[in-house]
Amino acid sequence: MNAKKILITTESHEIFVLRTDRRDRAYGHCRECDREVEIVTLDQAISISGIRTRDLVRMAEISEIHAIETETGHLLVCKDSLTAGTDPTERSSNESHKSHGTSE
Ligand SMILES: [Zn+2]
């Protein structure tokens, strides 16, 4: 219940609100998905997807994944866009269908 709120200024000077829970997961509103998604750091994105840094950066540039670049140069990645682009058989071990009906 003690969700932390972190305000991030993106490179385009937008304020991006990140919420973290006790398990250190961060959530924010992805403009591409137009809903709240789990946001991971570049390092986490590499671990989750197994995609190398330079490939992730390139994918972010061509909008294959949804990335938010902060003013401080950190790249945050929309986890949904990350897992959507990968082979579905890859994530069968981690099946967690989130169907929160919070957003209409
Ligand atoms: Zn997204």
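The protein chain has three helices and six strands. Along the sequence, these elements follow the pattern β-β-β-β-α-α-β-β-α. The model is predicted. Its mean pLDDT is 81, and 79% of the residues reach 70 or more. Over residues 88-96, the pLDDT falls below 50. Beyond near neighbours in sequence, that stretch has two contacts in the model.

Of the 104 residues in the protein chain, 20% are buried. Contacts with a separation of 6 or more were also examined by their distance along the sequence. Residues 24 or more positions apart account for 40% of these contacts.

The six strands form an open sheet. Their order is β1-β2-β3-β4-β6-β5, and the pairing is antiparallel. Strands β1 (4-9) and β5 (67-69) lie at the edges, and each pairs on one side only. From one strand to the next, the twist averages 35 degrees.

At one edge of the sheet, β1 pairs with β2. Strand β2 spans residues 15-20, and its antiparallel pairing with β1 runs over six bridges. Thr-9 has Ile-15 of β2 as its bridge partner. Lys-4 stands opposite Thr-20, also in β2. The two strands form a hairpin with five residues between them. In this hairpin, His-13 adopts a positive phi near 65 degrees. Strand β1 is hardly covered. Among its six residues, the count of buried residues is zero.

Helix α1, residues 42-49, lies across two strands of the sheet. These are β4 (35-41) and β6 (75-78). The helix runs at about 95 degrees to β4.

The largest nonpolar core has 16 residues. Within this core, the residues with the most contacts are Ile-39, Ile-65, Ala-67, Val-77 and Cys-78. Several elements contribute to the core. Strands β3 (26-30), β4, β5 and β6 each supply at least two of its residues, as does helix α2 (53-61).

Val-77 illustrates the packing around one of these core residues. Its neighbours within four places in sequence are left aside here. Val-77 is then in contact with Ile-39, Val-40, Leu-42 and Ala-45, and also with Ile-65, His-66, Ala-67 and Leu-82. Three of these partners, Ile-39, Ile-65 and Ala-67, are themselves listed with Val-77 among the core residues with the most contacts.

Technical notes. Residues numbered from 1 in each chain as written. Predicted model: local features only at pLDDT ≥ 70, side-chain atom pairs only at ≥ 80, totals over all residues. Helix = DSSP H or I, 4+ residues; strand = E, 2+ residues; numbered from the N terminus. Buried ≥ 20, exposed ≤ 12 C-beta atoms within 10 Å, placed from the backbone. Contact = placed C-beta atoms within 7 Å. pLDDT = per-residue confidence, 0-100. Pairing = 2+ DSSP bridges. Axes fitted to C-alpha atoms, helices over the stretch in contact; angles between N-to-C directions. Core = buried A, V, L, I, M, F, W, Y, C linked by C-beta atoms within 7 Å.
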